[in-house]
Amino acid sequence: MMKPVFGKSARIFVLASLLVVSILSGCSNNGEKPAASADGTDKNESVTVKVFKSHMGVGTIPDNDNEHVKYVEEKTGVVYELVTTAPGSEPTEFLNLMIASDDLPDILRPIGGIEQTLIKQGGALALDDLLPKYAPNVWENIPEEAWDIVRSASPDGHIYYVPKVFLVPERAPMIRQDWLDKVGLPVPKTTEEYKEVLLAFRDKDPNGNGKADELPTSGREFGKWMDHLFGMYGVAMWEGVPEWDSYEGEIQYAGVTKNMKAAIAYIRELYEEKLLDNETFLNKGDVWQAKINNNLVGSWYHLPANLRDRYTAMLKGAPDAYVVGMPMPKAEGYEGFVTQKSMGEPEWMIPTVAKDKAEYSLKLLDFFYDQSNDEFIRFGIEGQQHEVVNGKKVVLPPEDSRPIALGMRNLTTKEDMDVRIKETIPEDMQKMVQDVFAVSSADARRIAGDGLPNTVYEGFPDIQSHKLFQEYLTKIVIGEWPLEKFDEFIDRWNKAGGEAVTKRVQEWYAKVKN
Amino acid sequence: MRKTTGDQLFQFFNYAFLIAAAATMLLPLLQLLAVSFSSPVAADSKMVFLFPVEFTTASWSHILQNTGLWKSFGITVYITVAGTFLSMLFSVLTAYPLSHQQFLIRKPIMLGIIITMIFNAPMIPFFLTVRELGMMNSLWSLILPGAIGTFNMIIIRTFFSGIPKELDDSARIDGCNEAGILFRIYLPLSKPVMATVSLFYAVGYWNTFQRAVLFIRDPEKWPLQTKLRAYLTSPEELAAVNLVLGDYDFNTTTLKAATILFATIPIVLVYPYLQKYFVKGSMLGSLKE
Amino acid sequence: MANAQDHLEPGSTRIPIGRFNLMENRYLVNMRKYWMLYVMILPGIIYYLVFKYLPLAGSVIAFQDYQIFKGMLSSSWVGFANFKFIFTYEDFYLVLRNTATIALYQLVFGFPAPIILALLFNEVRLMLAKRVMQSLFYLPHFLSWVVVGGIVFELLSSQGVINMVRGWFGHETILFMQEQQYFRTIVVISGIWKDVGWGTIIYLAAIAGINPSLYEAAVMDGANRWKQTIHITLPTMFPTILVLFLLNIGNFLELGFDQIYNLLTPMTYSVGDIIETYVYRAGVLQGQYSVTTAIGLFQSVIGFMLLWIFNRMARKTEQGLW
């Protein structure tokens, strides 16, 4: 009974031991890999390009016979081969392993700062000359300003990646209009008025259930998604993380500014009077969402594009629910704004080892930035990415058994957003969502630190992870520590590496401005 | 036999405590079950508590009709069965010599093995090793790198050590060689521990996730736990991009609950089946004086 | 082989060689007599060499400035610089103290829990009740820490069961998850709840091996249940308990990232920030493989020293691990 299994495993193990030697030498990547392009380029007209993109969600990987792949091939002469991470994996780690094992794709979407590893260690291809030549649509559609930021992120001033560009603010402060109507107050214009509104929300039972269960405003663990409370005081915040912006004429970490201290003082007051959900720092995403859905929260900060499902749920308990965008209430002596990060985050780059195929990789990329392909990019192939209902194309939800379609464009303009709202939001909610966007767009400002490369944090993990900031923010707000502790924070932050990081950021910013 | 009041009191409190504690362990699964049969709005609004709200089977029919998930299910069953068998074989073969005084190099080898339990290899060299062995994208990569669980092997060894060595001697007199003693005497005598360790291995293989993430690039070969993560991790920004217009009676929250149960229930059912090997005094004891 | 032996054996009078010779003989004789034992363990040894020791050699990156692009062979050597980086990290001692404290709590409370539960199960006479309860107890093991963490947060929230009960008695609501004095208790209890049933299985297997006639004899001698537990059940479980204890000690400083990460909030950093959460920040966020490997080595060395000490102690009473 045992013999066959034994024999098989023995064979495997013999093979294994033989390979031991090859591994010892296999860690270096000096060895030239056989040119992958050699077999494809000459015989066929089409070239296969390996594309790496993480977070593709559910679905199968399209093969060469896939209609989406074929359509793209027809148009560009490039067959794309999608490489993606398994769900739940750490994409950064996945890319690192690809580098370590000398197995890089032809074009990739870097994540977690991997682009800087590639640039620093000479693994990234400079695209300055290639882009205008092979990807004119990419080159022209992305604003010059964004290219400048990309240049500033490399030590030699070359363009090593195609940036993500998002020209509309994605986030907005929102408030329940129906609640305002019930308590008889207008949309607040100043921080004092905002506080009055919150007080009324707390005491006047705007959700009408007879219980004092209203949470006038709420946020999430680590101080995420309460950026509106910081924004009023001119603090650049991005999902609860202080950003870099101009303060008193110099670029500075928003976490250590006077503005931040004022904002924390205000938030602390709100917390003390239970105007800010006292469980803010314990709210996991789903709990926070349920509170909004259940008509418990009057004012919050989030993505208007995500409003659909929340609003549908609100309507169940409050048929006259209505959400509007709230202009940043004015704080005396401060210039409030909605933080906008628009450009500079890396989107696509080409490894040096895939130099031979760069032409084709860029042609593929260009296809997606060519506006005449918009319709195909949005809807893909009938039956796979969309179905036709009443003569209208409707995008299908991703499903495990259907192939994923590659999308490479990450350039969102006002027009793109309008189209997206039309396609993903039911007609009766479209105006509401558009209005919210209009309000937040009016308040939005691109921050000075937009596009900052994360190499500035090198060697200071605690500064990068904002751990110190989060600890002081939460403990001061919940009243465990006095506000004066904030000065101690500034001191500790500087000593823990903040000072060194600030210097690097200032050097970077000087480069951007030139 | 006379029962004292103390005994009875103890029995009462023992039952009360165990039943109460056991109930708390069942609740989370009941809750998941209720969520998986509820409407998306009810689930997202946390209106569900142990009983479905706005009952619907949409989530279940969605995942059960999903061929991709069944394929992963098949792969998981395959690696669980094959892996458990291989692992038991290797572990028993390793544990047996290590439990015998006659095996002179027992101590250094044991030390060498325990060192690997405490010192973990960094991820990149581990990855490169498996890759160089040509196991990328092969189901072997999910089995062989964990073929021997040191903890499990040591458990087996501990039980083997407890078997009286006089049994070895008498078997040897009967003409058994070492393999004969292992398979004819040791294995039948250690059914409870074999059942236990098989269960540990089976659960380990069933929950294979990390290795699949590292070594399997082809989604067709992903085991169930990897597929499950596709439903568990849906970043907010992605959800915004993937928003699709249309009315569905399920969403990520309800699908999440259904897939967790789908991936958990089969392996949970293994234990009650194995319990018959835990009957007191089953084998070993009758020989141990 | 045989030749070499012949050559060495006869008439050699020099003692060192003779002794060496004798040793060699002892092993060779043993190998020849029990060759099957050596064959049996061969696959195991190859397994450990290929899948454990070979990658373990990669730990040398702890002494390098490892650059993934260059690989291990071309990265520069930096000696103990990475260790220096860790030991001079401002919060290192805080993180180490937190780790050791929680580890100690888990050892003192978490380790005996499944033993006690196994003994309690052993007192349940109704076979069916026992089986059903065992099966229920092991369910939480299959829930991920993300799910369990969510449950813990909800139970302890202002609307949660605990605060509800406190409300009945007129006590104020406590937000337990943001008060640092409760953090370690929560970690220990949630850990026990999740894994106690799972941990029991192995002890139940040990108890299953006890000869019923031993109990019968004890009853004849008039021993009550308590005495039977002390004198029969526990001693039989002892070798298993000892082995599990030693294995636990060896990984003393490894608490399991998932649990802590899912229970931690910024308000509890000062008591809950542990080595693994630091490694996550430094390693995963910053890709510092050399530093994280160095931390791993440090944890392992501590674990190994502890194991070495306890194993020596164990060998005085019972058999140790080696």
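Trainee: Before we look at chain C, what counts as a helix or a strand here?
Mentor: Helices are DSSP runs of H or I with at least four residues, and strands are runs of E with at least two, numbered from the N terminus. Please keep in mind as we talk that this is a predicted model.

Trainee: Okay, so how many helices and strands are there in chain C?
Mentor: Chain C has 16 helices and 2 strands. Its radius of gyration is 27 Å, whereas the globule rule gives 20 Å for 322 residues, so chain C is more spread out than a compact globule.

Trainee: What box do its C-alpha atoms fill?
Mentor: Taken along the principal axes, the box filled by the C-alpha atoms of chain C is roughly 95 × 70 × 30 Å. Of the 322 residues in this chain, 38% are buried.

Trainee: And how is chain C divided into domains?
Mentor: Domain 1 covers residues 2-65 and domain 2 covers residues 81-317, and the centres of these two domains of chain C, taken over C-alpha atoms, are separated by 39 Å. Their contact takes 5 residues from domain 1 and 6 residues from domain 2.

Trainee: Which classes do the residues on the domain 1 side divide into?
Mentor: On the side of domain 1 of chain C that touches domain 2, there are 2 nonpolar residues, 2 polar ones and 1 charged one.

Trainee: Switching topic, how many residues does the contact take from chain B and from chain C?
Mentor: That contact takes 64 residues from chain B and 65 residues from chain C. On the chain B side, the largest share is the 9 residues that come from helix 5 of chain B, residues 106-118, and by class that side has 40 nonpolar, 19 polar and 5 charged residues.

Trainee: Now chain A: why does the span of helix 10 agree with what it should be?
Mentor: Helix 10 of chain A has 13 residues, 191-203, which at 1.5 Å a residue should span 18 Å, and its end C-alpha atoms are 18 Å apart, so the two agree.

Trainee: Which of its residues are buried, and what covers them?
Mentor: The buried residues of helix 10 of chain A are T191(A), Y194(A), V197(A), L198(A), A200(A) and F201(A). Their cover includes helix 9 (177-183), helix 12 (258-272), strand 6 (215-217) and strand 11 (297-302), which belong to chain A. As general background, an α-helix has 3.6 residues a turn, so residues three or four places apart point the same way.

Trainee: What follows that helix?
Mentor: Helix 10 of chain A is followed by D205(A), which has a positive phi, near 50 degrees.

How values were computed
Residues numbered from 1 in each chain as written. Chains lettered and ligands numbered in written order. Predicted model: local features only at pLDDT ≥ 70, side-chain atom pairs only at ≥ 80, totals over all residues. Rg over C-alpha atoms; globule rule 2.2 N^0.38 Å. Buried ≥ 20, exposed ≤ 12 C-beta atoms within 10 Å, placed from the backbone. Expected span 1.5 Å × (residues − 1). Contact = placed C-beta atoms within 7 Å. Domains from an automatic or database assignment. Nonpolar A, V, L, I, M, F, W, Y, C, P; charged D, E, K, R; others polar.
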